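Q: Please take a close look at one part of this structure, the part built from strands, and describe how it is put together and what lies around it. Plain terms will do, with the cut-offs given.

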Amino acid sequence: MSDDIARRAKEAIGQPWWRPTDPVLRKILTERNSASNRRLARWGLWAAVLTHLVFGAFDIYLLPDVSYQLVVFRVLLAALVLFSLEFGIQRAVSLEILHLGAALAIFVAGTGFLLIELMTYDSRTAFQYSVFGTIFIFATNLFFNFRFSVAAVSSVAITAFYIYATLYWMDADPKGRAINIVFLLTSLSLSLYLAWRLNLERYHTFVHSLQAQIQEQVALEKGEQLKKIAETDPLTGLKNRRAIDREFINLSRRDYGDYGHVGMIIMDVDFFKRYNDSLGHNAGDDCLVALGDILTEAASRFDGVVGRHGGEEFVVICRVRDEAHLRTVTEALCAAVRDRNIPHPDRTDALNIVTISAGAAMTTDQGVEDMSLLLQQADRALYASKFRSRNTYTIYDPDSVEEDASGRNLIELLKTAVSRGLVSLVYQPIFDVKSGILRGHETLMRLRDFDGTPIHPPVFIPIAEQTGLIISLGEWAIEQACRDMLEHGLGEFVSVNVSAVQLREAGFPLQVANILTKLGMPARSLALEVTEGMDIYKDAQAHRNIQHLRNLGVRIWLDDFGTGFAGLAWLNRFEFDVIKIDRSFLQDCQNQQGLNLLKDMVTMLRHQNFTVLVEGVETAEQATLLKRLGVHTMQGYHLGMPMPIAKVVQRKSARGK
């Protein structure tokens, strides 16, 4: 609806009753109710005609000397009116014409009836019988939903005619004439008032309904805008990770016939850091926008959905028939970027244009619907492409990915990551749901390649675990988190994720104890997060280590609760201070079944006296929901993104001011 209509509706709501109605809104009301008013006029006139014919029986009984003329008049008028009505309906005449015709028919019926009635010899009965003229007055005002001006003109004309007949044509004494005239005027006044009130009420009801529709439309438009903002990358206008996640679910659940797999392609701009350093960040942003347009155009040929995965990374998901089809799509995307010949002034190879490296993976024949697993596989394939030569692509192969050069080079990188400062920590805040107070931070490990390119945890963590390098990396992460906690005050606690490899090491509790003792940090300020999916459920050493850590005073959290296979059995075997419910359960709350599942999980955990933490809070509505469900703590992008310690300190200082 236009802003002008919204303004008029708002003004009309506060308008006093004596002010005229808005003509534009009145026209909209008439047009909106046109169909129902046409039906009302049609069937109302049919009912009026039938009633008019029935009164012929009274004519025969009360005025037998003119009954023939009255009955003939009634029948002829009825036939003429109904023929005209149906003819007009068939010709689709306007509602205004139908109303004018109906009003004219009522006037003719009322005046014709009176004129013939006055021809009788029984003047006394005729005078008394004329009181039924009020029926015609009320009919025009109340029974046909006429526009008030039409109803008023018709009823006033009928009343005037009957008053004139009473004064000059009827045989009655002065008192009788006066009573009849007063009765006619009273009937006219009452019917006009009721007609005015009904019209006014219909108008006001419509205006309030219109205002509610406008507000609803504004809310829907605002909701769509917020949804678009929440699911759109602000720089490129492409879908962000959250939107891609939803698109993946949609693609996974629909049947595409021969296109039975979902393919995922992750692309990284080659030597993009050098591009930024050479031309500046504005040029870098322009390059990313241009690449987004190029990839969108190329992916559209395969019905693919393009998103920005973060930084200089893009992601495409689409339905594919097989690995050969996935290869065709990936090759087309790489070629589309290469063929645009965007100049790159500072590459370390012979090329002088912008290119991309890509890694691709697809769901299995069983229809794997875990996007995180597919992302991990595509990430691994992307890393292999970057280590081979860049400006190429790799299709994920679970049988060979561990043996390629990328894996060997990544091992060398992990061995020197700490000493070279390539590994770092970021912190994501955790808040109390009820009070909104900051409770602590979760620590997440980050790794960069020798040229500064970020390597995602799903890529380097599995290799670090397979080679045992996770033990030294994990020790560094715990110590660094404790140092940052003591130096900068990250809240009541700082949590660190630990690997199954660490938990199986006999000396792991002693390692943690030495760090706490060396730094002088209270054990209760450290929380170690254990993932439910770890294969340590029946491992005796892991069980002993967890118990030793609890004896030290370290908090033990169960991460990603609900996603593994152990389920409730984990709650019986291990003692946990906090249960973290996986983000997927909160995201599924858009439907009633998902909401009921989350509610039941929270209720069950609270009854077992666990502190409940829900991750993945991305909207204010989700935070409100968790408060209503009685969740204790929460974290997510809506509350705070993972950030380096320097930004954590900066944010803390800003809050302090």
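A: In what follows, buried means under 20% relative accessible area, exposed over 50%, and partly exposed in between, with a 1.4 Å probe and protein chains only. The model is predicted, so local features need pLDDT of at least 70 and side-chain atom pairs count only at pLDDT 80 or more, while totals for chains, interfaces and linings use all residues. Residues are numbered from 1 along each chain as its sequence is written, and side-chain values use heavy atoms, with hydrogens and water left out.

The account starts with a sheet. This open sheet has five strands in the order β2-β3-β1-β4-β5 (strands are DSSP runs of E of at least two residues, helices runs of H or I of at least four, both numbered from the N terminus). The pairing in this sheet is mixed (two strands pair if DSSP finds at least two bridges between them). The edges are β2, residues 305-310, and β5, residues 393-395; each has a single partner strand, so one side of each has no neighbour in the sheet. From one strand to the next the twist averages 20 degrees (axes are lines fitted to C-alpha atoms, for helices over the stretch in contact, and angles run from 0 to 180 degrees between N-to-C directions).

At one edge, β2 is joined to β3, residues 313-320, by five bridges, and the two strands run antiparallel. Within this pair, Val 305 has Ile 317 of β3 standing opposite.

Two helices pack on the sheet. One is α13, residues 281-300, which touches β1 (261-269), β2, β3 and β4 (356-362), where contact means heavy atoms within 4.5 Å. The direction of α13 makes about 5 degrees with that of β3. The other is α14, residues 323-339, which touches β1, β3, β4 and β5. Between the direction of α14 and that of β4 the angle is about 160 degrees.

Strand β1 deserves a look of its own. Its place in the order is between β3 and β4. With β3 it pairs in the antiparallel sense over eight bridges, and Val 262 stands opposite Arg 319 in β3. The pairing of β1 with β4 is also antiparallel and has seven bridges; here Ile 266 has Gly 359 of β4 as its bridge partner. In a regular strand the side chains alternate between the two faces of the sheet. In β1, His 261, Gly 263, Ile 265, Met 267 and Val 269 point one way, and Val 262, Met 264, Ile 266 and Asp 268 point the other way. Residues of both sets are buried, and β1 is mostly covered, with nine of its nine residues buried.

Just past β1 comes Phe 271, in the loop between β1 and α12 (272-279). Phe 271 is not a glycine, yet its phi is positive, at about 55 degrees. Phe 271 is also buried, with a relative accessible area of 12%. A second positive phi in a residue other than glycine belongs to Asp 560, where the value is near 55 degrees. Asp 560 lies in strand β11, residues 555-561.

Further along the chain there are other paired strands, among them β9, residues 493-497. Four of the five residues of β9 are buried, so this strand is largely enclosed by the rest of the structure. Strand β7, residues 438-448, pairs with β9 in the parallel sense over four bridges, and Glu 442 has Ser 495 of β9 as its bridge partner. The pairing of β9 with β10, residues 526-531, is parallel too and has four bridges. Ser 495 takes part here as well, with Ala 527 in β10 as its bridge partner.

One helix residue completes the picture. Ile 515 is found in helix α20, residues 508-519, and is buried, with a relative accessible area of 2%. Leaving out residues up to four places away in sequence, Ile 515 touches Glu 475, Ile 478, Glu 479 and Cys 482. The C-alpha atom of Ile 515 is separated by 9.5 Å from that of Arg 483, and the two residues are 32 residues apart along the chain.
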